[in-house]
Amino acid sequence: MQTKLTAELAKTRQGQEADAILRSCVHCGFCTATCPTYQLLGDERDGPRGRIYLIKQVLEGAEPTRETQLHLDRCLTCRACETTCPSGVQYGRLADIGREHIEEKVSRPFSETLLRKILLHTVPYPKRIGTLIKAGNLFRPLLPAALKDKLAPVTKAGPWPTAKHQRSMLVLAGCVQSVSTPSTNQAAATVLDRLGITLLQAPEAGCCGALSHHLSAAEQTRQHIKQNIDAWWPYIEQGAEAIIITASGCGTMVKEYGHLLRDDAEYADKAARVSALAKDIVEVMQAEIADGNWSNLGHSQSIAFQCPCTLQHGQQLAGQVENLLQRVGFVLTPVQDAHLCCGSAGTYSILQPKLSQQLRANKLKALHAGKPERIVSANIGCQMHLSEADDPIVHWIELIAEKLPDA
């Protein structure tokens with residue numbers, strides 16, 4: 001693709017990055033075949049190739065409009081297009097640059113601006129979002145159906161292992177997951193304890209920064225990243241082997257810290273180190289478990305695994321959880337179009353509810369088609385979005401912990 005960015009933008013690091021990404025696109029259109037919104041809407045501008053052209057026009061000087069903004073808002077940033085692309089186009093990064101640039105130039109209606117500010121000032125902060133979730137559950141019977149569907153159930157965590165092992169790893173507590181499903185990290189700690197690894201939490205660490213990043217709040221994003229690096233650094237210096245993330249959306253974000261702070265003189269090296277240490281829990285489990293001791297853990301229970309976009313496309317770990325579950329004795333039922341997004345996508349279910357609900361219905365139909373005994377996921381956002389009152393979805397590591405024999 002030929003480009004001619006504005007002279008001012010071409011001098012910036014962000015502009016040069018966007019230019020390189022744009023030039024890698026060969027217009028083939030393979031990406032449209034795996035784009036969830038293009039599949040639903042059939043509009044070229046609601047597919048990766050069309051959005052790339054819209055971003056290109058804006059970066060070359062064309063004035064963006066509300067319509068331009070709308071087509072980028074409809075993008076889930078699921079990055080299925082990146083998995084499909086034969087040219088390695090880094091579409092997700094280009095979308096972030098395009099959104100940030102357009103956000104500066106196009107005013108939003110008051111209602112949209114207010115909703116985004118509310119999300120930015122509540123969701124990333126555990127105490128704030130925790131208070132709202134608890135209040136919502138308290139008054140759940142009085143809420144309209146639309147709000148009940150979005151309300152996160154709260155699960156209680158069991159006791160955290162107390163044994164101290166020679167090996168240790170850090171874990172990200174996160175924001176919503178820490179107050180909605182603390183049982184996930186407790187389960188991870190229990191499983192790793194059996195493997196001779198102590199799982200540590202840094203009290204000062206918080207939100208990974210993904211929500212701020214995808215809502216184009218660049219300064220808030222940097223604050224979250226730096227807060228986590230500062231919280232984790234003493235543990236890293238003391239020999240923590242890895243930073244485990246049990247929410248794949250957060251894992252994708254933490255693995256990008258090095259890139260996002262590459263120009264920060266104070267934090268660049270630390271951010272790169274943190275990204276190198278970041279591991280999804282499945283990466284650790286695949287390396288640590290011995291088949292002989294774990295091979296019949298699942299007792300042939302049938303499982304449908306909802307593979308989050310952030311795991312299969314963002315972190316390129318497609319098939320890893322499925323392989324692990326089969327190694328430990330579970331039977332996986334087929335899930336049609338497993339590469340397509342469930343519609344959660346961070347705040348997408350709130351900001352684009354109509355499209356989100358269509359994708360949710362399609363995903364639930366696919367997950368239930370094989371009549372599994374349980375459905376599991378690897379990301380808190382997907383769990384909350386897909387769970388139903390009589391059919392809660394849990395993280396797969398919780399399923400492993402449930403099946404562990406008494407120590």
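Helix H2 (residues 13–24) packs against helix H7 (residues 91–105) at an angle of about 130°, and the two axes lie 10 Å apart. The model is predicted. Both H2 and H7 also contribute to the lining of the second largest pocket, each with at least two residues.

**Packing of H2 and H7**

- Two packed helices are described by the angle between their axes and the distance between the axes.
- An angle over 115 degrees but not over 145 falls outside the parallel, antiparallel and perpendicular ranges, and H2 and H7 are therefore oblique to each other.
- The crossing of H2 and H7 is left-handed.
- On the H2 side, the contact is made by Gln-14, Glu-17, Ala-18, Ile-21 and Leu-22.
- On the H7 side, Arg-93, Leu-94, Ile-97 and Glu-100 take part.
- The contact of H2 with H7 comprises five nonpolar, one polar and three charged residues.

**Second largest pocket**

- The second largest pocket encloses about 370 Å³ of space.
- Its lining consists of 19 residues.
- Nearest the centre of this pocket lie Gln-14, Arg-93, Glu-100, Arg-222 and Leu-260.
- Among these central residues, Gln-14, Arg-93 and Glu-100 also belong to the contact of H2 with H7.
- Besides H2 and H7, helix H13 (210–214) and helix H14 (218–237) each supply at least two lining residues.
- H14 provides the largest share of the lining, with four residues.
- By class, the lining of the second largest pocket has nine charged, five polar and five nonpolar residues.

Terms used
Residues are numbered from 1 along each chain as its sequence is written. This is a predicted model: local features need pLDDT of at least 70, side-chain atom pairs count only at pLDDT 80 or more; totals for chains, interfaces and linings use all residues. Side-chain values use heavy atoms; hydrogens and water are left out. Axes are lines fitted to C-alpha atoms, for helices over the stretch in contact, and angles run from 0 to 180 degrees between N-to-C directions. Angles under 35 degrees count as roughly parallel, over 145 as roughly antiparallel, 65 to 115 as roughly perpendicular and the rest as oblique. A crossing is left-handed if the near helix is turned anticlockwise from the far one by less than a right angle, and right-handed if clockwise. Contact means heavy atoms within 4.5 Å. Ala, Val, Leu, Ile, Met, Phe, Trp, Tyr, Cys and Pro count as nonpolar, Asp, Glu, Lys and Arg as charged, and the others, Gly among them, as polar. On a 1 Å grid over the protein atoms alone, a cavity is a set of points where a 1.4 Å probe fits but cannot get out, and a pocket is an open set with protein on both sides within 12 Å along at least five of seven lines; lining residues have an atom within 4 Å of a point. Grid points are joined across faces, edges and corners, and a volume is the space filled by probe spheres set on the points.
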